[in-house]
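I opened this model to look up side-chain contacts between charged residues and any nonpolar surface. My notes follow in the order that suited the reading.

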Amino acid sequence: MNETAKQEDILESTTDAAEWSLEVERVLPQLKVMIRTDNKDWRIHVDQMHQHKNGIESALKETKGFLDKLHNEITRTLEKIGSREKYINNQLENLVQEYRAAQAQLSEAKERYQQGNGGVTERTRLLSEVHTDALALIGKGKTRNGRKRQQHD
């Protein structure tokens, strides 16, 4: 019977219900159960993938706006540059044509100079040969005349 009495004592509460409720409310924050997460659990990985996907999508929306704005600015800038380039080309077309004509004249003048210079060089060479030959003939004439005079005298 001792066992039966012990069990009845345990099952029978002497605490008032109101006091019990107050005590439960007081210790309730301390009674929260913490479940440790297992990194190997696939559900956790799926949740993480969803979180990352949401983060990427929100970052993409923000970044896409900036990139679209940058694209529009670059497009406008390139259009401005193109129109300015056309304007400058139109303004300078006459000068470019004059420059090309001057370059053609310079090329012709250089070609004529090379031809003339080649002729002068050739004539200078011929003159040098004639001069050398003339000096040689004069030298032979003096030598012959000098011998002849020596022989006749």
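Entry 1. I began with Arg125, which is partly exposed because its relative accessible area is 40%, between the cut-offs of 20% and 50%. The model I am reading is predicted.

Entry 2. I looked up the partner of Arg125 and found Glu129, in a salt bridge whose closest N and O atoms are 2.4 Å apart. Glu129 is partly exposed as well, with a relative accessible area of 38%. Both residues belong to helix H3, 4 residues apart, so about one helical turn separates Glu129 from Arg125.

Entry 3. I asked which residues are linked with Arg125 in a network of salt bridges. I noted Glu122 and Glu129, which together with Arg125 make up the network.

Entry 4. I moved along helix H3, which covers residues 42–152. There I checked Lys53 and Glu57, whose side chains form a salt bridge at 3.7 Å, N to O. The cut-off for a salt bridge is 4 Å, so a pair must come within that distance to be entered. Lys53 and Glu57 are 4 residues apart in the helix, which again puts about one helical turn between them. For exposure I wrote down 47% relative accessible area for Lys53, partly exposed, and 37% for Glu57, partly exposed too.

Entry 5. I turned to helix H2, residues 17–27, for Arg26 and Glu23. Their side chains meet in a salt bridge with an N to O distance of 2.6 Å. The spacing here is 3 residues, and this also comes to about one helical turn. Is Arg26 buried or exposed? Arg26 counts as exposed because its relative accessibility is 54%, and the cut-off for exposed is over 50%. Glu23, its partner, has a relative accessible area of 36% and is partly exposed.

Entry 6. I then took the total: how many salt bridges are there by this rule? The count comes to 4 salt bridges.

Entry 7. I left the charged side chains and searched for nonpolar surface. I found a patch formed by Leu67, Leu70, Ile74, Leu78 and Ile81. Together these residues have about 480 Å² of accessible area. I picked Leu78 from the patch for a closer check and placed it in helix H3. Leu78 has a relative accessibility of 55%, so I entered it as exposed.

Key
Residues are numbered from 1 along each chain as its sequence is written. This is a predicted model: local features need pLDDT of at least 70, side-chain atom pairs count only at pLDDT 80 or more; totals for chains, interfaces and linings use all residues. Side-chain values use heavy atoms; hydrogens and water are left out. Helices (H or I, at least four residues) and strands (E, at least two) are DSSP runs, numbered from the N terminus. Buried means under 20% relative accessible area, exposed over 50%, partly exposed in between (1.4 Å probe, protein chains only). Patches are made of residues with over 30% relative accessible area and no salt bridge: like charges are joined within 9 Å, nonpolar side chains (Val, Leu, Ile, Met, Phe, Trp, Tyr) within 5 Å. Accessible areas come from the Shrake-Rupley method with a 1.4 Å probe; for residues, only the protein chains shown count as cover.
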